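Please find below a colleague's note on the model, set out as numbered points. The points go from the chain as a whole to its helices, cores, pockets and some single residues.

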Amino acid sequence: LKNIFQLQQRAYEVEAKILGVESFFPLKETIDDLKNSKDEGFVSILGSVPVGAIFLEENESCKLISKLVIEPEFFRKGHARALVRHVLGLYPSTEFQVGTGAANEPALNLYKSLGFQLFSERMVEGNLKVVKLRRPAIIAETPRLLLRKIEENDFDALFKVLGDPEVMRFSLHGAENQDGVRKFLDATWKRYQRDGVAQWAVVLKESGVCIGECGISVQTIDG
C-alpha cells in the first residue's frame with residue numbers, strides 16, 4: 001500500500017505540472033484515505049515492482065475510473081493503456097466514466113483512443129478546467145470501430161446516413177426523412193426493452209462519431 005501511495009504522489013506531481021497548477025486536489029489525499037477507500041483497485045507489476053494502478057468507483061449507472069496513476073519513468077510505455085483495457089474487458093457491458101484535466105493531452109488521447117467521448121466540463125479549485133468522458137456499454141468492438149446502443153444525440157449523424165439516397169438505394173423503404181429517422185429511433189429503443197436486441201450505432205473509436213447502424217431486430221415485414 002505504501003508503494004502505491006508513493007507512486008501516485010509522484011504521478012500526481014507530474015500531472016500538476018502538466019496542468020500548470022500549484023494546488024492539486026489529488027495530492028491532498030493521505031495514505032489513510034487510500035487505505036480506507038472502497039474503490040476496486042488493480043496494479044500493474046513489473047518484476048516485483050508496482051509501476052501503475054487503476055481504481056474503479058461504482059455507482060448505479062456506470063463504473064467511474066476514480067484514479068489512474070503510472071510511475072513517471074514508465075509514462076508512455078503502454079502501462080496505462082493496459083490497465084484501462086483490463087478493466088474494460090472485465091466489465092464489457094458496463095458504461096465507464098472518467099474525469100481529467102482539460103490540459104492533460106496524453107490522458108485525453110488515451111481515453112479517446114479507447115472509445116471514450118467528452119460529455120461535460122467544469123471549473124474546480126485553482127481555476128482548473130476538468131473534463132468528463134464516457135464510454136458507453138459496448139456490444140462489440142474492432143481496432144477501429146465499436147458498437148453500442150443508439151442514443152438521442154446520434155439523430156443528426158444517423159439522418160446523414162439514413163437520409164442519403166445513395167446509401168439507402170437497396171433498402172426496403174429508401175431514404176428516410178427526419179420524421180422517418182425519429183420513428184426508427186423510437187422503434188429501436190422499444191426493441192431494446194422488448195427484445196434485448198435491435199440496431200446498434202457504429203462508432204469510430206478515434207473520433208467518437210457515429211457513422212451508421214447495424215444489427216438484428218425482430219420485425220414484421222408486409223404482414
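1. A residue is called buried here when its relative accessible area is under 20%, and this cut-off is needed for the helix discussed in the third point. The model is a predicted one, and what follows should be read with that in mind.

2. On the chain as a whole, the secondary structure consists of six helices and 10 strands, and 41% of the 223 residues count as buried. The C-alpha trace spans about 70 × 35 × 30 Å along its principal axes. Where contacts join residues at least 6 apart in sequence, 54% of them link residues at least 24 apart.

3. Helix α1 covers residues 2-19, and its 18 residues should span 26 Å at 1.5 Å a residue, which agrees with the 26 Å between its end C-alpha atoms. Its buried residues are Ile4, Phe5, Leu7, Gln8, Gln9, Ala11, Tyr12, Glu15, Ala16 and Leu19. An α-helix has 3.6 residues a turn, so residues three or four places apart point the same way. The buried residues of α1 pack against helix α2 and against the strands β1, β2, β3, β4 and β6. Just after the helix, glycine 20 adopts a positive phi of about 70°.

4. Helix α3 can be examined in the same manner: its 12 residues should span 16 Å at 1.5 Å a residue, and the end C-alpha atoms, 17 Å apart, agree with this. Buried in α3 are His79, Ala80, Leu83, Val84, Val87 and Leu88, and the elements that cover these residues include β1, β2, β3, β4, α4 and β6.

5. The largest nonpolar core has 22 residues, of which Ile54, Ile65, Val84, Phe96, Tyr111, Phe116 and Leu133 touch the most other members. At least two residues of this core come from each of β2, β3, α3, β4, α4 and β6, and α3 gives the most, with five. Isoleucine 65 illustrates the packing, since residues up to four places away in sequence are left out of its list of contacts, and that list still holds Ile54, Phe55, Leu56, Val84, Phe96, Gln97, Val98, Tyr111 and Phe116. Apart from the largest core lies another, of 20 residues, among them Ile138, Leu147, Phe184 and Ala198.

6. Which residues lie nearest the centre of the largest pocket? They are Glu15, Leu68, Gly99, Thr100 and Tyr111, out of 43 residues that line this pocket, whose volume is about 1100 Å³. Each of α1, β2, β3, α3, β4, α4 and β6 supplies at least two residues of the lining. By class, the lining holds 24 nonpolar, nine polar and 10 charged residues. Glu15 also appears among the buried residues of α1, and Tyr111 is one of the core residues that touch the most other members.

7. The second largest pocket holds about 420 Å³ of space. Its lining is made of 16 residues, of which His173, Glu176, Phe184, Glu213 and Gln219 are the closest to its centre. Helix α6, residues 178-195, gives the most to this lining, with four residues. The lining divides into six nonpolar, seven polar and three charged residues. Phe184 is also a member of the 20-residue core that lies apart from the largest one.

8. Leucine 128 belongs to strand β6 and, at 6% relative accessibility, counts as buried. Although leucine 128 and leucine 19 are 109 residues apart in sequence, their C-alpha atoms are 7.8 Å apart in space. Not counting residues up to four places away in sequence, leucine 128 touches Leu19, Val21, Phe24, Phe25, Arg122 and Met123.

9. Two further residues deserve a look. Arginine 76, in the loop between β3 and α3, has a positive phi of about 60° although it is not a glycine; with a relative accessibility of 66%, arginine 76 counts as exposed. Aspartate 32, in helix α2, counts as partly exposed at 48% relative accessibility. Between the C-alpha atoms of aspartate 32 and phenylalanine 159 there are 52 Å in space, and the two are 127 residues apart in sequence.

Key: Residues are numbered from 1 along each chain as its sequence is written. This is a predicted model: local features need pLDDT of at least 70, side-chain atom pairs count only at pLDDT 80 or more; totals for chains, interfaces and linings use all residues. Side-chain values use heavy atoms; hydrogens and water are left out. The expected span of a helix is 1.5 Å times one less than its number of residues. Buried means under 20% relative accessible area, exposed over 50%, partly exposed in between (1.4 Å probe, protein chains only). Contact means heavy atoms within 4.5 Å. On a 1 Å grid over the protein atoms alone, a cavity is a set of points where a 1.4 Å probe fits but cannot get out, and a pocket is an open set with protein on both sides within 12 Å along at least five of seven lines; lining residues have an atom within 4 Å of a point. Grid points are joined across faces, edges and corners, and a volume is the space filled by probe spheres set on the points. Ala, Val, Leu, Ile, Met, Phe, Trp, Tyr, Cys and Pro count as nonpolar, Asp, Glu, Lys and Arg as charged, and the others, Gly among them, as polar. A nonpolar core is a set of buried Ala, Val, Leu, Ile, Met, Phe, Trp, Tyr and Cys residues joined through side-chain atoms within 4.5 Å.
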